[in-house]
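Hi,

Here is the model I promised to pass on. Have a look at it first, and then read my notes below.

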Amino acid sequence: MIVSTPGIVMHATKYGDTSLIVKIFTQQQGNQSFIIKNAFRKNNRFAASYFSPLAMMDISYDDHSKSSLKYLKDIAPRRASNPLYYDPAKSSILLFYNEILYKLLMDTGEDEVLFDFLQEEITKVHEATGNFAELPIRFLLRLSMVMGYYPEDNFSPENSYFSLQECRFQRFFVEDSGFLSAQQSEYLHRLLNEEESVPVTRGVRNALLKNLVAYFQMHNEQIRKVDSLEILSTVLH
(Lines give C-alpha, C1' and ligand atoms only; values in the text may rest on other atoms or scores of the structure.)
Protein backbone atom coordinates (compact mmCIF):
# COMPACT_ATOMS: atom_id res chain seq x y z
CA MET A 1 0.00 0.00 0.00
CA ILE A 2 1.33 3.42 -0.97
CA VAL A 3 0.83 5.98 1.79
CA SER A 4 0.73 9.69 0.93
CA THR A 5 0.74 11.98 3.94
CA PRO A 6 2.13 15.23 5.34
CA GLY A 7 5.11 14.72 7.64
CA ILE A 8 7.40 16.58 10.03
CA VAL A 9 11.06 15.63 10.38
CA MET A 10 11.87 14.69 13.99
CA HIS A 11 15.41 13.35 13.70
CA ALA A 12 18.09 12.50 11.14
CA THR A 13 21.16 10.36 11.80
CA LYS A 14 24.02 9.73 9.41
CA TYR A 15 24.25 6.07 8.37
CA GLY A 16 27.49 4.97 6.82
CA ASP A 17 29.32 7.47 4.60
CA THR A 18 26.49 8.64 2.36
CA SER A 19 23.11 7.72 3.86
CA LEU A 20 20.66 8.94 6.51
CA ILE A 21 18.15 7.32 8.81
CA VAL A 22 15.29 9.80 9.26
CA LYS A 23 12.40 9.69 11.71
CA ILE A 24 9.33 11.53 10.42
CA PHE A 25 6.14 12.16 12.38
CA THR A 26 3.37 11.60 9.83
CA GLN A 27 -0.21 12.72 9.97
CA GLN A 28 -1.61 9.33 9.00
CA GLN A 29 0.67 6.83 10.74
CA GLY A 30 2.53 8.67 13.49
CA ASN A 31 6.30 8.16 13.75
CA GLN A 32 7.90 6.33 10.83
CA SER A 33 11.58 5.67 10.13
CA PHE A 34 13.15 5.84 6.66
CA ILE A 35 16.54 5.10 5.20
CA ILE A 36 17.71 7.69 2.67
CA LYS A 37 20.48 6.20 0.58
CA ASN A 38 23.16 8.44 -0.96
CA ALA A 39 21.66 11.50 0.77
CA PHE A 40 24.98 13.37 0.60
CA ARG A 41 25.64 12.76 -3.08
CA LYS A 42 25.07 15.51 -5.62
CA ASN A 43 21.83 15.53 -7.58
CA ASN A 44 20.07 13.14 -5.19
CA ARG A 45 16.37 14.09 -5.20
CA PHE A 46 16.26 13.13 -1.50
CA ALA A 47 19.15 15.38 -0.48
CA ALA A 48 20.20 15.53 3.18
CA SER A 49 19.37 19.27 3.29
CA TYR A 50 15.65 18.48 3.04
CA PHE A 51 15.68 16.72 6.40
CA SER A 52 16.49 19.57 8.77
CA PRO A 53 14.81 19.60 12.21
CA LEU A 54 11.03 20.11 11.96
CA ALA A 55 11.06 20.46 8.19
CA MET A 56 7.50 20.04 6.90
CA MET A 57 6.89 18.03 3.76
CA ASP A 58 4.45 15.85 1.86
CA ILE A 59 5.79 12.33 1.49
CA SER A 60 4.78 9.02 -0.05
CA TYR A 61 6.14 5.57 0.75
CA ASP A 62 5.37 1.89 0.40
CA ASP A 63 3.96 0.53 3.66
CA HIS A 64 4.21 -3.13 2.62
CA SER A 65 7.71 -3.55 4.00
CA LYS A 66 7.96 -5.64 7.18
CA SER A 67 11.16 -3.81 8.08
CA SER A 68 11.04 -0.95 10.59
CA LEU A 69 12.97 1.09 8.01
CA LYS A 70 10.97 2.17 4.97
CA TYR A 71 11.95 3.82 1.69
CA LEU A 72 10.55 7.13 0.51
CA LYS A 73 9.06 7.18 -2.97
CA ASP A 74 8.56 10.94 -3.17
CA ILE A 75 8.84 14.12 -1.10
CA ALA A 76 7.64 17.68 -1.61
CA PRO A 77 8.91 20.27 0.92
CA ARG A 78 6.16 22.53 2.24
CA ARG A 79 8.45 25.59 2.29
CA ALA A 80 11.10 26.80 -0.13
CA SER A 81 13.23 28.34 2.63
CA ASN A 82 14.15 27.36 6.17
CA PRO A 83 14.97 29.66 9.13
CA LEU A 84 17.84 27.34 10.01
CA TYR A 85 19.80 28.84 7.13
CA TYR A 86 19.35 32.56 7.69
CA ASP A 87 17.97 33.48 11.11
CA PRO A 88 19.87 32.38 14.25
CA ALA A 89 17.00 33.26 16.60
CA LYS A 90 14.40 31.30 14.66
CA SER A 91 16.81 28.41 14.14
CA SER A 92 17.45 28.27 17.90
CA ILE A 93 13.72 28.20 18.59
CA LEU A 94 13.14 25.36 16.12
CA LEU A 95 16.07 23.37 17.50
CA PHE A 96 14.62 23.79 21.00
CA TYR A 97 11.15 22.70 19.84
CA ASN A 98 12.71 19.76 18.03
CA GLU A 99 14.64 18.54 21.07
CA ILE A 100 11.56 18.71 23.29
CA LEU A 101 9.30 17.05 20.73
CA TYR A 102 11.73 14.31 19.70
CA LYS A 103 12.13 13.20 23.31
CA LEU A 104 8.46 13.64 24.17
CA LEU A 105 7.04 11.92 21.09
CA MET A 106 9.60 9.12 20.69
CA ASP A 107 7.01 6.37 20.12
CA THR A 108 3.90 8.35 19.21
CA GLY A 109 1.38 6.67 16.93
CA GLU A 110 -1.25 8.32 14.76
CA ASP A 111 -2.50 11.56 16.32
CA GLU A 112 -3.93 14.08 13.84
CA VAL A 113 -4.77 16.63 16.55
CA LEU A 114 -1.16 16.66 17.74
CA PHE A 115 0.14 16.73 14.16
CA ASP A 116 -2.03 19.73 13.24
CA PHE A 117 -0.95 21.49 16.42
CA LEU A 118 2.73 21.01 15.56
CA GLN A 119 2.24 22.26 12.01
CA GLU A 120 0.60 25.40 13.35
CA GLU A 121 3.34 26.03 15.92
CA ILE A 122 6.16 25.53 13.42
CA THR A 123 4.43 27.86 10.96
CA LYS A 124 4.24 30.54 13.68
CA VAL A 125 8.02 30.46 13.98
CA HIS A 126 8.50 30.72 10.21
CA GLU A 127 6.11 33.67 9.96
CA ALA A 128 7.07 35.51 13.17
CA THR A 129 8.24 39.10 12.90
CA GLY A 130 9.58 41.63 15.37
CA ASN A 131 10.52 40.41 18.84
CA PHE A 132 9.47 36.77 19.16
CA ALA A 133 11.45 35.89 22.30
CA GLU A 134 8.22 34.85 24.04
CA LEU A 135 7.30 32.23 21.44
CA PRO A 136 9.01 29.27 23.19
CA ILE A 137 7.18 29.95 26.47
CA ARG A 138 3.79 30.21 24.81
CA PHE A 139 4.61 27.06 22.81
CA LEU A 140 5.34 25.06 25.96
CA LEU A 141 2.10 26.22 27.55
CA ARG A 142 0.04 25.25 24.51
CA LEU A 143 1.89 21.93 24.29
CA SER A 144 1.11 21.22 27.94
CA MET A 145 -2.58 21.61 27.11
CA VAL A 146 -2.30 19.06 24.28
CA MET A 147 -0.40 16.68 26.58
CA GLY A 148 -2.96 16.99 29.36
CA TYR A 149 -1.22 18.92 32.14
CA TYR A 150 -1.98 22.57 31.41
CA PRO A 151 -1.37 24.75 34.50
CA GLU A 152 -4.44 25.64 36.52
CA ASP A 153 -4.86 29.42 36.62
CA ASN A 154 -6.12 29.93 40.15
CA PHE A 155 -3.87 32.97 40.64
CA SER A 156 -5.04 35.52 43.24
CA PRO A 157 -3.48 37.81 45.87
CA GLU A 158 -3.78 34.85 48.25
CA ASN A 159 -2.44 32.25 45.80
CA SER A 160 0.46 33.99 44.10
CA TYR A 161 3.20 31.35 43.85
CA PHE A 162 3.01 28.67 41.17
CA SER A 163 3.97 25.12 42.17
CA LEU A 164 5.44 23.06 39.32
CA GLN A 165 4.60 19.85 41.14
CA GLU A 166 0.98 20.72 41.96
CA CYS A 167 0.32 22.47 38.60
CA ARG A 168 -1.44 25.36 40.34
CA PHE A 169 -0.81 28.52 42.32
CA GLN A 170 -0.25 28.20 46.07
CA ARG A 171 -0.40 30.50 49.07
CA PHE A 172 3.18 30.03 50.24
CA PHE A 173 6.59 30.06 48.57
CA VAL A 174 8.96 27.21 49.44
CA GLU A 175 12.50 27.80 48.19
CA ASP A 176 14.15 24.99 46.22
CA SER A 177 10.88 23.04 46.11
CA GLY A 178 9.68 23.69 42.58
CA PHE A 179 7.98 27.03 43.18
CA LEU A 180 8.15 30.00 40.83
CA SER A 181 9.11 33.38 42.23
CA ALA A 182 6.45 36.06 42.62
CA GLN A 183 7.54 37.76 39.38
CA GLN A 184 7.59 34.52 37.39
CA SER A 185 4.24 33.47 38.84
CA GLU A 186 2.55 36.72 37.85
CA TYR A 187 4.12 36.51 34.40
CA LEU A 188 2.81 32.96 33.99
CA HIS A 189 -0.65 34.05 35.11
CA ARG A 190 -0.74 36.80 32.50
CA LEU A 191 0.37 34.38 29.79
CA LEU A 192 -2.31 31.89 30.84
CA ASN A 193 -4.78 34.74 30.37
CA GLU A 194 -3.40 35.03 26.81
CA GLU A 195 -2.34 38.66 27.15
CA GLU A 196 -0.74 39.59 23.85
CA SER A 197 2.12 41.65 25.21
CA VAL A 198 3.58 41.11 28.67
CA PRO A 199 6.57 43.36 29.44
CA VAL A 200 9.13 41.59 31.64
CA THR A 201 12.89 41.57 31.97
CA ARG A 202 14.95 39.10 30.01
CA GLY A 203 15.99 37.50 33.31
CA VAL A 204 12.41 36.79 34.38
CA ARG A 205 11.48 35.46 30.94
CA ASN A 206 14.50 33.14 30.78
CA ALA A 207 13.86 31.92 34.32
CA LEU A 208 10.25 31.06 33.47
CA LEU A 209 11.34 29.26 30.31
CA LYS A 210 13.84 27.20 32.31
CA ASN A 211 11.20 26.36 34.92
CA LEU A 212 8.64 25.35 32.29
CA VAL A 213 11.19 22.90 30.93
CA ALA A 214 11.52 21.58 34.49
CA TYR A 215 7.71 21.37 34.58
CA PHE A 216 7.74 19.11 31.52
CA GLN A 217 10.54 17.03 33.03
CA MET A 218 8.44 16.46 36.15
CA HIS A 219 5.54 15.15 34.10
CA ASN A 220 7.48 13.20 31.43
CA GLU A 221 10.22 10.70 32.16
CA GLN A 222 11.35 10.90 28.53
CA ILE A 223 12.57 14.49 28.92
CA ARG A 224 15.76 14.79 30.89
CA LYS A 225 18.49 17.27 29.99
CA VAL A 226 17.53 19.78 27.28
CA ASP A 227 20.81 20.85 25.69
CA SER A 228 19.33 23.55 23.46
CA LEU A 229 17.85 25.51 26.38
CA GLU A 230 21.08 27.33 27.24
CA ILE A 231 21.67 28.32 23.61
CA LEU A 232 18.11 29.57 23.27
CA SER A 233 18.33 31.65 26.44
CA THR A 234 21.52 33.26 25.14
CA VAL A 235 20.23 34.04 21.64
CA LEU A 236 16.81 35.49 22.52
CA HIS A 237 16.67 39.07 23.83
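A word on naming before anything else: helices (H or I, at least four residues) and strands (E, at least two) are DSSP runs, numbered from the N terminus. Also keep in mind that this is a predicted model.

With that naming, Phe169 falls in strand β8, which covers residues 168–170. Phe169 counts as buried, at 0% relative accessibility. If you skip the neighbours within four places in sequence, Phe169 still touches Glu152, Asp153, Asn154, Phe155, Asn159, Ser160, Tyr161, Phe162, Ser185, Leu188, His189 and Leu192.

Now the sheet. Six strands make up an open sheet with mixed pairing, in the order β5-β3-β2-β1-β4-β6. β5 (69–70) and β6 (72–77) are at the edges with a single partner strand each, so one side of each has no neighbour in the sheet.

Going through some of the pairs:

- β1 (residues 2–15) and β2 (residues 19–26) run antiparallel to each other over eight bridges. Here His11 sits opposite Lys23 of β2.
- β2 and β3 are also paired in the antiparallel sense, over seven bridges, and a hairpin of three residues joins β2 to β3. Val22 has Phe34 of β3 as its bridge partner.
- β3 and β5 pair in the parallel sense, over two bridges. The bridge partner of Ser33 is Leu69 in β5.

How many residues of β3 are buried? Seven of the seven, so β3 is largely enclosed by the rest of the structure.

Two helices lie across this sheet. α1 crosses β1 and β2, running at about 105° to β1. α2 lies across β1, β2 and β4, and its angle to β1 is about 65°.

Next, the loop between β3 (30–36) and β4 (56–62), which holds Asn38 and also Leu54. Most residues other than glycine have a negative phi. Asn38 is not a glycine, yet its phi is positive, about 55°. Leu54 is not a glycine either, and its phi is positive at about 65°.

Are these two buried or exposed? Asn38 is partly exposed, with 28% relative accessible area. Leu54 is buried, with a relative accessible area of 2%. Setting aside neighbours within four places in sequence, the contacts of Leu54 are Ile8, Val9, Met10, Leu94, Tyr97, Asn98, Leu101 and Ile122.

A couple of distances may help you find your way around. From Asn38 to Phe169 the C-alpha atoms are separated by 53 Å, with the two positions 131 residues apart along the chain. Leu54 and Ser177 are 123 residues apart along the chain, and their C-alpha atoms are separated by 34 Å.

On to the helices, starting with α3 (residues 135–147). α3 has 13 residues and spans 18 Å from its first C-alpha to its last, close to the 18 Å expected at 1.5 Å a residue. Its buried residues are Leu135, Pro136, Ile137, Arg138, Phe139, Leu140, Leu141, Leu143 and Ser144. What do the buried residues of α3 pack against? The list is α1 (88–104), α2 (112–127), α4 (182–192), α5 (202–219) and α6 (228–235). Right after α3 comes Gly148, with a positive phi near 100°.

The packing of α2 with α3 is worth opening up in your viewer. Their axes are 11 Å apart and the angle is about 175°, which makes α2 roughly antiparallel to α3. From α2, the contact uses Leu114, Phe117, Glu121, Lys124 and Val125, while α3 brings in Leu135, Phe139, Arg142, Leu143 and Val146. Sorted by class, this contact has seven nonpolar and three charged residues, and no polar ones.

Last, α5. This helix has 18 residues and reaches 26 Å from first C-alpha to last, close to the 26 Å expected at 1.5 Å a residue. Buried in α5 are Val204, Arg205, Asn206, Leu208, Leu209, Asn211, Leu212, Val213, Tyr215 and Phe216. The cover over these buried residues includes α1, α3, β7 (161–163), α4 and α6.

That's what I have for now.

Cheers

Terms used: Residues are numbered from 1 along each chain as its sequence is written. This is a predicted model: local features need pLDDT of at least 70, side-chain atom pairs count only at pLDDT 80 or more; totals for chains, interfaces and linings use all residues. Side-chain values use heavy atoms; hydrogens and water are left out. The expected span of a helix is 1.5 Å times one less than its number of residues. Buried means under 20% relative accessible area, exposed over 50%, partly exposed in between (1.4 Å probe, protein chains only). Contact means heavy atoms within 4.5 Å. Axes are lines fitted to C-alpha atoms, for helices over the stretch in contact, and angles run from 0 to 180 degrees between N-to-C directions. Angles under 35 degrees count as roughly parallel, over 145 as roughly antiparallel, 65 to 115 as roughly perpendicular and the rest as oblique. Ala, Val, Leu, Ile, Met, Phe, Trp, Tyr, Cys and Pro count as nonpolar, Asp, Glu, Lys and Arg as charged, and the others, Gly among them, as polar. Two strands pair if DSSP finds at least two bridges between them.
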